[in-house]
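Trainee: Got a minute to go through this one with me? I'd like to get my bearings before I head back to the bench.

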Amino acid sequence: MSNICVIGVGYVGLVTGVCLADMGNRVVCVNRDKAKSDGLKRGVMPIFEPGLEEILVRNLQAGRVHFTTSYEEAVPDADFVFIAVGTPSGSIGEADLVHVEEAARQIARTMQRPNIIVNKSTVPIGTGDLVANIVKEHLPREIPFSVVSNPEFLREGSALHDFYNPDRIVLGSTDPKAAQRLAELYRPLKCPVLITDLRTAEMIKYASNAFLATKISFINEIASICEKLGADVKMVAQGMGLDKRVGPAFLDAGVGWGGSCFPKDVKALIYMAANTGCHPQLLRSVVEINNDQRRQVLIKLQEILGNLREKEIGILGLAFKPNTDDMRDAPSLDIIRLLLHQGAHIKGYDPVSMDVARKLLGNRITFCSSAAQVAEGVDALVVVTEWNEFKQLDMAAIKVSMRQPVLIDGRNIYDPEKMREIGFIYRGVGRGYNGIHNGG
Ligand code: NAD
């Protein structure tokens, strides 16, 4: 059993804290927001993450997890202090380290005995050294400590599964003993552990996210070519994915990647590369292709409906992906902005992110309580997030309730032939329309 402090209770901090408590450790989570901390003490979840509430309540009842706004209550007894604060994009694409620096200062001020500072936030290469320097500078007296970079690879929506079944754990440190002690903490997870130096561990996180974003942008570029040449990108991806060297994951063509990680991390990597005199052309193209994917929705709507002024467009799905309420850099936000700019009226629905969406979009769109309500009287329906409930809809009834039967399937969740049989003018992504192959 270890004493653990986790700083930040967002998607990463809360999952890490609650799961480490569930593994038998004593965990104190520090957060700046008192209302959030007070809510968590009563088992009130600040985010939507399937299964997390149950584990939170179990560990609150067992007295293994605690929440506070005070570093003084959390840091002094800790063997490990995890930093899991946000690292958002700055104004020119750099990672903004203001929260990491603040956490490092607070750790130093409240530390009373040797501990291991574990950085889980995604941070630019060299941040481990920066944290060590800040802590040294603010320690009231000399106390030995080590910094370990332990990048997080969990996915929102399946974060618990990912915590308990990681493909690998990466630990980077200048102090191999500290990395070993952390490896020991994770031993019950029985997964490969890769121990590296600090900078390499920090880079593994950026390189992994950039590669996954590249895979999606690659298939989206292939999808655009498929559309023009009459091939079906879904089958193309299946055929490619069966090759073990390629693999089937992250080959779903669609309106592009978004969320709290890929956009900011690819931008931060481009920024770091450019700053050191590299020319990250591939990464820049990956971002450009992704931006184009959002515009494709607008172009397809204009091809079918002409001028979009005063047209009613229904948006199905607002979260950046299914099973989360996270709307940071969600494709829906870009698509809605583009459509509003053309003078369209928007109706939208999402199974879980409506509260978040209301805060972000205010009265710029009409919020509906179901997919069926979105469809009523619209000129076109656009699927932006592939929630399971959208796959189960009675599409014949949906079509009847629409003003015009235009369906833009931004996630390729429907069978083009079936949709056309129902009477939709159907456009998927990369599914050979224009009468060339699967044409609508
Ligand atoms: P988040 O915005 O959901 O949560 C950050 C939390 O940190 C918030 O609760 C915030 O109040 C708190 N915080 C900020 N400054 C603080 C301070 N000084 N003291 C105490 N609390 C403070 O962020 P997140 O999505 O959990 O991401 C955290 C980090 O993990 C980021 O670097 C992100 O890139 C990385 N990451 C995120 C994911 C993901 O899927 N969300 C996956 C892997 C890695």
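Mentor: Sure, let's take the domains, then what lies between them, then the ligand. Keep in mind that this is a predicted model.

Trainee: OK, which residues does each domain cover?

Mentor: The domain assignment gives domain 1 as 3–196 and domain 2 as 210–427. Their centres, taken over C-alpha atoms, are 33 Å apart.

Trainee: And how many residues are in contact between the two?

Mentor: On the domain 1 side there are 17, and they're in contact with 15 residues of domain 2. Together the two domains bury about 1300 Å² between them, with 57% of that on carbon and sulfur atoms.

Trainee: Which residues in domain 1 lose the most area to domain 2?

Mentor: That would be Tyr 11, Phe 48 and Glu 156, which together make up 39% of what the domain 1 side buries.

Trainee: What about salt bridges, how many go across?

Mentor: The rule finds one across that interface. As for salt bridges by name, the side chains of Glu 156 and Arg 328 meet in one, at 3.9 Å from N to O. For polar contacts, the count between the domains is seven residue pairs.

Trainee: How does the domain 1 side split into nonpolar, polar and charged?

Mentor: Where domain 1 touches domain 2, you have nine nonpolar residues, five polar and three charged.

Trainee: Switching to the ligand: how many residues surround it, and which are the closest?

Mentor: 27 residues surround the ligand, and the closest are Tyr 71, Thr 87, Thr 122, Glu 156 and Lys 264. So we meet Glu 156 again, the residue that pairs with Arg 328.

Trainee: Which side chain has an N or O atom 2.9 Å from a ligand oxygen?

Mentor: Lys 36 does. The side chain of Asn 31 also has an N or O atom 3.1 Å from an oxygen of the ligand. For a ligand nitrogen, look at Ser 260, with a side-chain N or O atom at 3.4 Å.

Trainee: And how much of the ligand does the protein bury?

Mentor: 91% of the 830 Å² that the ligand exposes when taken alone.

Conventions. Residues are numbered from 1 along each chain as its sequence is written. This is a predicted model: local features need pLDDT of at least 70, side-chain atom pairs count only at pLDDT 80 or more; totals for chains, interfaces and linings use all residues. Side-chain values use heavy atoms; hydrogens and water are left out. Domain bounds come from an automatic or database domain assignment. Contact means heavy atoms within 4.5 Å. Buried area is the accessible area (1.4 Å probe) that two parts lose on being put together, summed over both. A salt bridge is a side-chain nitrogen of Lys or Arg within 4 Å of a carboxyl oxygen of Asp or Glu. A polar contact is a pair of N or O atoms within 3.5 Å; within protein, one must be able to donate a hydrogen and the other to accept it, and residues adjacent in sequence count only if both atoms are side-chain atoms. Ala, Val, Leu, Ile, Met, Phe, Trp, Tyr, Cys and Pro count as nonpolar, Asp, Glu, Lys and Arg as charged, and the others, Gly among them, as polar. A residue is near a molecule or strand if one of its heavy atoms lies within 4 Å of it. Accessible areas come from the Shrake-Rupley method with a 1.4 Å probe; for residues, only the protein chains shown count as cover.
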